[in-house]
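Reader: Please take me through one helix of this model, end to end. I would like the details first, then the setting.

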Amino acid sequence: MDASLESLCSASETAPLLHNGQHARGPPPPGARPLRPQASPRHRVPRSQPLHILAARRLQEEDQQFRTSSLPAIPNPFPELCGPGSPPVLSPGSLPPGQAAAKQDVKVFSEDGTCKVVEILADMTARDLCQLLVYRSHCVDDNSWTLVEHHPHLGLERGLEDHERVTQVQHTLASESKFLFRKNYAKYEFFKNPTNFFPEQMVTWCQQSNGSQTQLLQNFLNSSSCPEIQGFLHVKELGRKSWKKLYVCLRRSGLYCSTKGASKEPRHLQLLADLEDSSIFSLIAGRKQYGAPTDYGFCIKPNRVRTEAKELRLLCAEDEQSRTCWMTAFRLLKYGMLLYQNYRVPQQRKAVLSPFSAPVRSVSENSLVAMDFSGQTGRVIENPAEAQSAALEEGHAWRKRSTRMNILGSQSPLHPSTLSTVIHRTQHWFHGRISREESHRIIKQQGLVDGLFLLRDSQSNPKAFVLTLCHHQKIKNFQILPCEDDGQTFFSLDDGNTKFSDLIQLVDFYQLNKGVLPCKLKHHCIRVAL
């Protein structure tokens, strides 16, 4: 974001920013100590006794930004300084003393139905828990993981905001409700391109706006401005099965409907829901469970409601863009600058955190560099684009060598034609034999952003595959057909104009080139087993 957005939160940055987007208050951290004069030689600590390592002290001082209890034991880089009874790791007891926090067990489910029970601190946020699950599941932390509050008996779900405390939300859940761990690429997409989320005809301002992206966000984040979302929605009457199409407007004070056409006079406005003590949810199966007129339903649920569906404020939009606009505006009006701080925290953590943070990849992988051995002497490839191109060429060359070796009669367990038809099943983006409706549901759950995709088996042609891709909040399907050339099987989605020996090559190509697709492949849908 540019400097004008940063100036909005300059006043709130006088105190250090915590990991949950809030500001530190109270005394300095326990690890901070006043300067002391240097100890005399006679009082120096002998070498045979364990010493407090500077890195451990620094880690304790950053405890507000990253929970040490969420990390495994930190290896001591100087084990020879430990005594016989001291372990060669920095256990929590060896760190400077701090306030003990209560712990609680939380059960988290993945998309495939597996679950894991995690012991967390009472004040752990949703972001902290997601990072802990990412670390334990050996996933790549790209800040798109989210914790989902799922209510199957009510047909509702929502993604927890990064600053929300997990234990507080857990206390409001019914016995049938649960937490899900999944990707959500659209969590902060509106900060990157807000004009796609807020159609001009649905937004009004109390003051003149120039219509720029920065001004659009400033009006939502600035508490003194009065943005308003307006339009027609299908509203379900409380305690009844009937739906009515009403003119609705969303303000900072709440959600209102007009009792007289599209009039917004105060005497014609009736309060539907309050923002302060409510949360906004997506309807999972609105047509089947509530008789919704469209598939684009959402719900404003009071926090006190657990199982009573009659107290839910159910609404339906005409299309996906309208529903996304209403739900995004609700989040911005309720949380304001706190959402923007959540969006900025990952960038701040990269600059502040010490090397003891949870690794994204293994140390051995980070130590590898791209090399070019085409000349007489090797050289390190420093250009990232050239390094990525070399990696792709090496992968393609490996498959060509494998094919040639099989033709020459090597003892390979798989014939080349067999290898090309099964190698894609090891990839995260391939989801096997799922239906068209299931693939659309997965895309919607993980965020309707441009370039989100998955591959699956075709239901109509057993030898073909289907690429499911999201573009402009719409889901499109492209069939990948096999074709033969010189006795070899290739795959193509443009009637044989561009051929690939396997689906991995096809995905690699369309991640770099748009080709016949409306956009490049950017994010793949993934399911992680906990």
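Author: What follows is a close look at helix H3 and the loop after it, then the wider protein.

This is a predicted model. Helix H3 covers residues 126-137. Start with its length. H3 has 12 residues. At 1.5 Å a residue they should span 16 Å. The end C-alpha atoms are 16 Å apart, so expectation and model agree.

Next, its cover. H3 is mostly covered, with 10 of its 12 residues buried. The buried stretch includes Ala-126, Arg-127, Asp-128, Leu-129 and Cys-130. Gln-131, Leu-132, Leu-133 and Val-134 are also buried. Ser-137 completes the list. An α-helix has 3.6 residues a turn, so residues three or four places apart point the same way.

Now the exit. His-138 follows H3, and its phi is positive, near 60 degrees. His-138 is not a glycine. Most residues other than glycine have a negative phi. His-138 sits in the loop that leads from H3 to strand S5 (145-151). Is His-138 buried or exposed? His-138 is exposed, because its relative accessible area is 74% and the cut-off for exposed is over 50%.

A second residue makes a useful parallel. Asp-486 has a positive phi of about 55 degrees, and Asp-486 is not a glycine either. Its loop joins strand S20 (474-485) to strand S21 (488-492). Asp-486 counts as exposed, at 77% relative accessibility.

Now the setting. The protein has 14 helices and 22 strands. Of its 530 residues, 45% are buried. The accessible surface comes to about 28,700 Å², and carbon and sulfur atoms hold 51% of that. Among contacts with a separation of 6 or more, 58% link residues 24 or more positions apart.

Last, the interior. The largest nonpolar core has 39 residues. Those with the most contacts inside it are Phe-191, Phe-198, Ile-229, Leu-250, Leu-255 and Trp-326. Helix H8 (residues 320-335) supplies the largest share of this core, eight residues. Take Ile-229 as a sample. Leaving out residues up to four places away in sequence, the partners that Ile-229 touches include Phe-198, Phe-220, Leu-250 and Trp-326. Apart from this core lies another, of 23 residues. Val-118, Ile-120, Met-124 and Phe-179 are among its members.

Definitions and conventions
Residues numbered from 1 in each chain as written. Predicted model: local features only at pLDDT ≥ 70, side-chain atom pairs only at ≥ 80, totals over all residues. Heavy atoms only, no water. Helix = DSSP H or I, 4+ residues; strand = E, 2+ residues; numbered from the N terminus. Buried < 20%, exposed > 50% of the residue type's maximum accessible area, 1.4 Å probe, protein only. Contact = heavy atoms within 4.5 Å. Areas by Shrake-Rupley, 256 points an atom, 1.4 Å probe, with all protein chains shown as cover. Core = buried A, V, L, I, M, F, W, Y, C linked by side-chain atoms within 4.5 Å. Expected span 1.5 Å × (residues − 1).
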